[in-house]
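Please open the model in your viewer, with the sequence panel beside it, and follow the selections below in order. Each stop says what to select and then what is there.

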Amino acid sequence: MKEKSVLEMRGIYKSFPGVRALQDVDFTLCEGEVHALMGENGAGKSTLIKVLTGVYEKDGGEIFIKGMDQAAVIRSPQDAQRLGISTVYQEITLCPNLSVAENMYIGRGSGQTQNWKKMNADANKILRALDIPAEATQQLSTCSIAIQQMVAIARAVDMDCKVLILDEPTSSLDDNEVAKLFGLMRDLRKRGVGIIFVTHFLDQVYEICDKITVLRDGKLVGEYVIEDLPRVQLVSKMLGKELDDMSDIKSEAQEYHGPGANSYVFEASGLQSNAGIKPFDFYIKRGEVNGFTGLLGSGRSECVRAIFGADRVIGGTVRKDGKEVKIKAPIDAMKQGIAYLPEDRKIDGIIGDLSVRDNIILAAQVLKGFFKPFSKAEAEKFADEYIKLLEVKTASADTPIKSLSGGNQQKVILGRWLLTHPDYLILDEPTRGIDVGTKIEIQKLVLKLASEGMSVTFISSETDEMLRTCSRLVVMRDRKVVGELSGDELTQNMIMSTIAGGETDNA
């Protein structure tokens with residue numbers, strides 16, 4: 001091994017039926033280094049991590065850990081843990097009903113009666129050393145998601161951790177919580193822990209990481225020192241092609257000039273739900289892409305959930321194509337030609353055990369009625385059409401959707417709603433947690449649908465993505481509308497100043 005390496009993976013191969021997931025991949029991690037593992041969904045990142053942590057057994061190659069004379073044998077997560085390899089996943093796998101200390105030491109006792117006083121004292125010592133603002137005796141559920149994430153890291157680090165894997169740890173954190181997590185990562189880096197950081201947030205990679213390894217189609221593209229790889233080059237290496245300026249996406253779009261152009265497809269007046277948003281007014285024209293923007297917790301998602309009837313509406317009126325309608329539940333919205341791709345695809349979107357085909361036809365089947373099922377031929381035709389249209393990477397339409405990558409799951413849910421042929425499509429965080437290439441595909445598809453007359457409301461935490469896609473933005477703060485921007489006003493600075501600035505007549 002190289003002198004400062006804590007981990008070396010050499011010539012790793014892994015195949016599944018019909019798919020070569022990893023082909024001759026090398027990865028090296030040094031002590032006291034934060035190393036980003038980057039690539040599109042399906043590039044092989046998760047497979048490499050699962051080989052390293054013993055979830056999958058590799059088909060070829062060797063893994064070396066510092067302090068060992070020969071290649072490591074890792075056949076289970078327990079093997080990995082014994083070797084000092086710890087993982088903190090995107091979905092926190094702790095027990096919220098137990099205390100912080102119990103979560104840190106659960107499953108690590110010898111079977112004898114636990115010395116609670118010592119356990120709490122040891123836990124507090126680690127929490128203080130890592131500057132984590134939590135108490136050992138505190139119930140975990142009373143901690144914020146960010147603190148729970150840090151407790152998971154404290155548990156991992158306390159297990160003689162040499163290699164810490166953070167798999168999308170910031171996806172559910174706000175900016176302040178990310179800053180606290182990065183503070184903890186920097187502290188661990190000083191202590192000599194090697195950290196593998198898997199994320200889709202490019203800004204975060206350039207803020208915290210020392211090196212980047214890029215995978216594409218199961219192969220190693222290269223390892224780079226962060227200063228030597230500008231963002232545009234990183235994206236092009238991930239995609240395998242030179243990337244045109246993303247800002248050109250909107251300029252390529254065609255405006256809709258067909259029947260009903262500029263007519264109001266949907267209007268809301270004083271709309272209010274039981275989710276705590278203040279009454280708001282809203283409209284969208286045929287062929288328009290607009291969006292709700294604001295900081296985390298500003299009420300963006302609650303607004304569109306009210307429009308779709310996903311939260312209980314307690315006030316206001318809505319009009320569809322100029323006629324007042326009642327939308328008290330999602331089925332009412334669906335019957336009015338409104339479709340909604342929810343923020344959390346795992347909880348509100350996919351039905352994991354069902355096939356890709358069944359997930360695609362689900363909304364259309366609900367509209368048709370479950371007592372009038374689609375024939376097998378119809379279902380296959382619909383599934384094949386949208387798998388092809390959206391370029392879903394799946395072995396077949398029979399594949400369970402839970403086995404697809406996040407980006408491909410998102411495409412399936414998008415196909416589900418497109419199959420209902422909606423007039424008005426609401427997309428809440430459609431590109432969260434998916435790779436750059438799929439993001440661009442979805443943005444281009446949104447603009448294409450609008451050019452054909454569909455109205456689309458697009459919500460994203462990434463402001464630049466909103467600016468590339470939307471022609472009008474409704475700005476939220478503290479669960480109320482504080483402004484509306486269009487034309488030359490659509491800039492990062494105007495959005496930020498509107499969020500921070502005074503009220504408007506819409507508020």
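Begin by selecting residues 5-16, which make up strand β1, and then add β2, to which β1 is joined by eight bridges in an antiparallel arrangement. Bear in mind throughout that this is a predicted model. Where these two strands pair, look for Phe16, which stands opposite Val19 in β2.

Now extend the selection to β4, and an open sheet of three strands appears, ordered β2-β1-β4 and paired in the antiparallel sense. Its edge strands are β2, residues 19-30, and β4, residues 60-65, each of which pairs on one side only. From one strand to the next, the twist averages 10°. Select residues 45-52 as well, and you will find helix α1 lying across β1, β2 and β4, with its direction at about 115° to that of β1.

Next, move along the sequence to residues 264-273, strand β10, and residues 313-320, strand β13, which pair antiparallel over six bridges. Within this pairing, Ser273 stands opposite Val313 of β13. Strand β13 is also joined, by three bridges and again antiparallel, to strand β14 at residues 323-325, and here Val318 stands opposite Val325. Between β13 and β14 the hairpin has two residues, and Asp321 takes a positive phi near 50°.

From there, turn to the interior and show side chains for Phe266, Phe280, Phe282, Phe292 and Leu425, the residues with the most contacts inside the largest nonpolar core, which has 75 residues. Helix α16, residues 436-451, supplies the largest share of this core, with six residues. If you centre the view on Phe280, its contacts beyond four places away in sequence include Ala268, Leu271, Phe292, Cys303, Ile307 and Val481. Apart from this core lies another, of 56 residues, among them Ala152, Cys209, Val235 and Met238.

Finally, select the cysteines: how many disulfides are there? The count comes to zero, and two of the residues can be inspected in turn. Cys95 cannot form such a bond here because the closest cysteine sulfur, that of Cys143, is 14 Å from its own, which is too far; Cys95 is partly exposed, at a relative accessible area of 28%. Cys209, by contrast, is buried, at a relative accessible area of 6%, and its sulfur is likewise too far for a bond, because the closest cysteine sulfur, in Cys30, is 14 Å from it.

Note on methods: Residues are numbered from 1 along each chain as its sequence is written. This is a predicted model: local features need pLDDT of at least 70, side-chain atom pairs count only at pLDDT 80 or more; totals for chains, interfaces and linings use all residues. Side-chain values use heavy atoms; hydrogens and water are left out. Two strands pair if DSSP finds at least two bridges between them. Helices (H or I, at least four residues) and strands (E, at least two) are DSSP runs, numbered from the N terminus. Axes are lines fitted to C-alpha atoms, for helices over the stretch in contact, and angles run from 0 to 180 degrees between N-to-C directions. Contact means heavy atoms within 4.5 Å. A nonpolar core is a set of buried Ala, Val, Leu, Ile, Met, Phe, Trp, Tyr and Cys residues joined through side-chain atoms within 4.5 Å. Buried means under 20% relative accessible area, exposed over 50%, partly exposed in between (1.4 Å probe, protein chains only). A disulfide is a pair of cysteine sulfur atoms within 2.5 Å.
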